[in-house]
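This report looks at one protein model with a bench reader in mind. It takes up a single acidic residue, then the charged pairs, and then the main pocket.

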Amino acid sequence: YRFYLLPPSEEDRMSFEGHLAYYHDVFKAIREVFSEEEADVILKMHPGEKMMYDSYKTLGVKMYHDESRTDELVSLSDLYIADPASNVNNMVLASGTPAIFINFSKPRFLNNLMEYFHIKYIATDKKEFIKKLLQFKQGTLERQYDNSHISLKSVDNVVKLINS
């Protein structure tokens, strides 16, 4: 969610600097739980954005833009972290990749989208986020979304149909 561009009201809009600081805090929280040796942190930039996140490199964040495919990054990830307003959340549902959804911003209307992506829980502050990261690290993170309505064996079902 690009806080500096998309919010419908001026009161919900962040400055460009505030937007950068918001995600810097997210990456800093990740690094409190996972060192650079323990985990690669990847930021997939929105196709409409220009490279503006160089400051995150100090936290060991690797950035990808048009040279990478979002679905491939999601499938290769051990953990997906995003806000509830991303269409990429549909890919996560289909992939089964563990996820943590966050919204530390003032606009809480983003949390209303959780029902459309079948999200069960959104961490709304750094303390909750770190708790979820620790659960993931310990192997105790419960699924943060419901993908029971998605067939994860569609290829098998097609082959079965062809062979019948």
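In which helix does Glu32 lie? Glu32 lies in helix α1, and the model in which it is placed is a predicted one.

**Glu32 and its surroundings**

With a relative accessibility of 47%, Glu32 counts as partly exposed, because that class covers values that are neither under 20% nor over 50%. When neighbours within four places in sequence are left aside, Glu32 is in contact with Lys126 and Ile130. The side chains of Glu32 and Lys126 are joined by a polar contact of 2.7 Å, and the two residues also form a salt bridge, in which the closest N and O atoms are 2.7 Å apart. This pair links distant parts of the chain, since Lys126 belongs to helix α4 (residues 126–138) and Glu32 to helix α1, 94 residues apart. Lys126, at 37% relative accessibility, is likewise classed as partly exposed. As a further point of reference, Glu32 and Ile102 are separated by 70 residues in sequence and by 16 Å in space, taken from C-alpha to C-alpha.

**Salt bridges**

Side chains of opposite charge can pair when their charged atoms come close. The count for this model comes to 6 salt bridges, including the following.

| Pair | Closest N to O distance |
|---|---|
| Lys126 and Glu32 | 2.7 Å |
| Lys137 and Glu38 | 3.0 Å |
| Asp40 and Lys62 | 2.8 Å |

Lys137 and Glu38 meet through their side chains; Lys137 lies in helix α4 and Glu38 in the loop between α1 and β1, so the pair ties together parts that are 99 residues apart in sequence. Lys137 is partly exposed at 38% relative accessibility, and Glu38 is partly exposed at 47%.

Asp40 is also placed in the loop between α1 and β1, whereas Lys62 is in strand β2 (residues 61–64), so their salt bridge ties together parts 22 residues apart in sequence. Asp40 is exposed, with a relative accessible area of 55%, while Lys62 is partly exposed, with 37%. In addition, Arg69, Asp71 and Glu72 are joined into one network by salt bridges that share partners.

**The largest pocket**

The largest pocket has a volume of about 1,200 Å³, and of the 38 residues that line it, those closest to its centre are Ile42, Leu43, Lys44, Tyr80 and Ile81. At least two lining residues come from each of α1 (16–33), β1 (41–44), α2 (70–76) and β3 (80–82), and α1 supplies the largest share, 5 residues. By character, the lining divides into 25 nonpolar, 6 polar and 7 charged residues.

How values were computed
Residues are numbered from 1 along each chain as its sequence is written. This is a predicted model: local features need pLDDT of at least 70, side-chain atom pairs count only at pLDDT 80 or more; totals for chains, interfaces and linings use all residues. Side-chain values use heavy atoms; hydrogens and water are left out. On a 1 Å grid over the protein atoms alone, a cavity is a set of points where a 1.4 Å probe fits but cannot get out, and a pocket is an open set with protein on both sides within 12 Å along at least five of seven lines; lining residues have an atom within 4 Å of a point. Grid points are joined across faces, edges and corners, and a volume is the space filled by probe spheres set on the points. Helices (H or I, at least four residues) and strands (E, at least two) are DSSP runs, numbered from the N terminus. Ala, Val, Leu, Ile, Met, Phe, Trp, Tyr, Cys and Pro count as nonpolar, Asp, Glu, Lys and Arg as charged, and the others, Gly among them, as polar. Buried means under 20% relative accessible area, exposed over 50%, partly exposed in between (1.4 Å probe, protein chains only). Contact means heavy atoms within 4.5 Å. A polar contact is a pair of N or O atoms within 3.5 Å; within protein, one must be able to donate a hydrogen and the other to accept it, and residues adjacent in sequence count only if both atoms are side-chain atoms. A salt bridge is a side-chain nitrogen of Lys or Arg within 4 Å of a carboxyl oxygen of Asp or Glu.
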